[in-house]
Amino acid sequence: MPQEEIILYDLPRREMEKGPWSPNTLKARFALEFKGLPYKTVWIEYPDVAAHCQKIGAKPTGKWPDGTPLYTLPVIQDPNTDAVVSDSYAIAEYLDAHYATPRSLIPAGTEGLHAAFFKAITDNAFAKLFPIIPAAVAKLLNPPSAEYFVRTREAQFGKLDEFCPPGPKREQQLKEAKAGLDIVEGWYQKAGKDTLYLMGDTPSWADLIVAAYMVGMKRMQGEHSDEWKQISSWNSGRWAKLAEALGS
Ligand SMILES: N[C@@H](CCC(=O)N[C@@H](CS)C(=O)NCC(=O)O)C(=O)O
């Protein structure tokens, strides 16, 4: 068990009482909680992410369309080892490597299967849900982050209100996402008829990835939104149940 709290850098929102919203940072948060590791959150507004990452030595996780480095959250900083780790998946791998007990996120022997699952669920389902996200995020951020988010996302996707607006376009998008999640449900069914997790009775990183995405959807769209009402009813409520069981 580490002596000092691990720092999780996360993106704040206006109504903090409604909980952290970013599916990516939720993945890292749930991983820390799953392992029972002591941690604290430091909140960084979007326009400050790159400078902060550079300051603490966090690596970029991708590139902007013009080729410049893209710095993202989550990042963790571990004062016990001096490690600074960017990217939610790399964070899960780091936590397993440095804090093996009490349980593994990615049990030995499932590394390849976990990587394949992550790619497959992203392509089949998360990519289909993505278009409904930006307009919702723009509304929940504090003003400096909202301005940054709208400017950078509109440069990529055009006017956010026209990207996937409520109405026929959004309904079609949700239909495609449901078809993708039906495929994922088929994989879950293979684990057992009455089990909740991909490995049966034992939750793992795969389930945390799903739970983080679903808790994120619920918090970004709003608990009482039509979108979350639909998603939480799909596949006998599996996605809502995973969010409930593994989310916080
Ligand atoms: N592959 C990364 C993706 C993280 C990511 O895209 N984070 C977004 C917030 S959800 C971000 O920090 N974006 C920074 C920006 O747009 O400037 C991970 O899984 O951690």
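This is a short talk on a few local features of a predicted model: one helix and its packing, one helix pair, two cis peptide bonds and two residues with positive phi.

I'll start with helix α11, which runs over residues 238-246. Which of its residues are buried? They are Arg 238, Trp 239, Leu 242, Ala 243 and Leu 246. Looking down the axis of α11, these buried residues fall within an arc of 140°, so they line one face of the helix. What does that face pack against? The partners of the buried residues are α1 (23-34), α8 (168-190), α9 (205-221) and α10 (226-233).

Two of those partners, α8 and α10, also meet each other. Their axes come within 11 Å and cross at roughly 20°. An angle under 35 degrees counts as roughly parallel, so that is how α8 stands to α10. The crossing is right-handed. On the α8 side, the contact is made by Arg 170, Glu 171 and Leu 174. On the α10 side, Asp 226, Glu 227, Gln 230 and Ile 231 make it. By type, the residues of this contact divide into 2 nonpolar, 1 polar and 4 charged.

Now the backbone. Most residues other than glycine have a negative phi, and most peptide bonds are trans. Here are some exceptions.

Start with the peptide bonds. Leu 73 and Pro 74 are joined by a cis bond, with omega about 15°. Pro 74 sits in the loop between β4 (69-70) and β5 (75-78). The bond from Thr 101 to Pro 102 is also cis, and its omega is near 0°. Where is Pro 102? Pro 102 lies in the loop between α3 (88-98) and α4 (111-129).

Next, positive phi. Asp 82 is not a glycine, yet its phi is near 70°. Asp 82 belongs to the loop between β5 and β6 (83-86). Asn 235 is not a glycine either, and has a positive phi of about 50°. The loop that holds Asn 235 is the one between α10 and α11, which brings us back to the helices at the start.

Are these two residues buried or exposed? Asp 82 has a relative accessible area of 66%, so Asp 82 is exposed, the cut-off for exposed being over 50%. Asn 235 has a relative accessible area of 13% and is therefore buried, since buried means under 20%.

That's what I have; the structure is above if you want to look at any of these places.

Technical notes:
Residues numbered from 1 in each chain as written. Predicted model: local features only at pLDDT ≥ 70, side-chain atom pairs only at ≥ 80, totals over all residues. Heavy atoms only, no water. Buried < 20%, exposed > 50% of the residue type's maximum accessible area, 1.4 Å probe, protein only. Helix = DSSP H or I, 4+ residues; strand = E, 2+ residues; numbered from the N terminus. Arc of directions from axis to C-beta. Contact = heavy atoms within 4.5 Å. Axes fitted to C-alpha atoms, helices over the stretch in contact; angles between N-to-C directions. Parallel < 35°, antiparallel > 145°, perpendicular 65-115°, else oblique. Left-handed = near helix turned anticlockwise from the far one by under 90°. Nonpolar A, V, L, I, M, F, W, Y, C, P; charged D, E, K, R; others polar.
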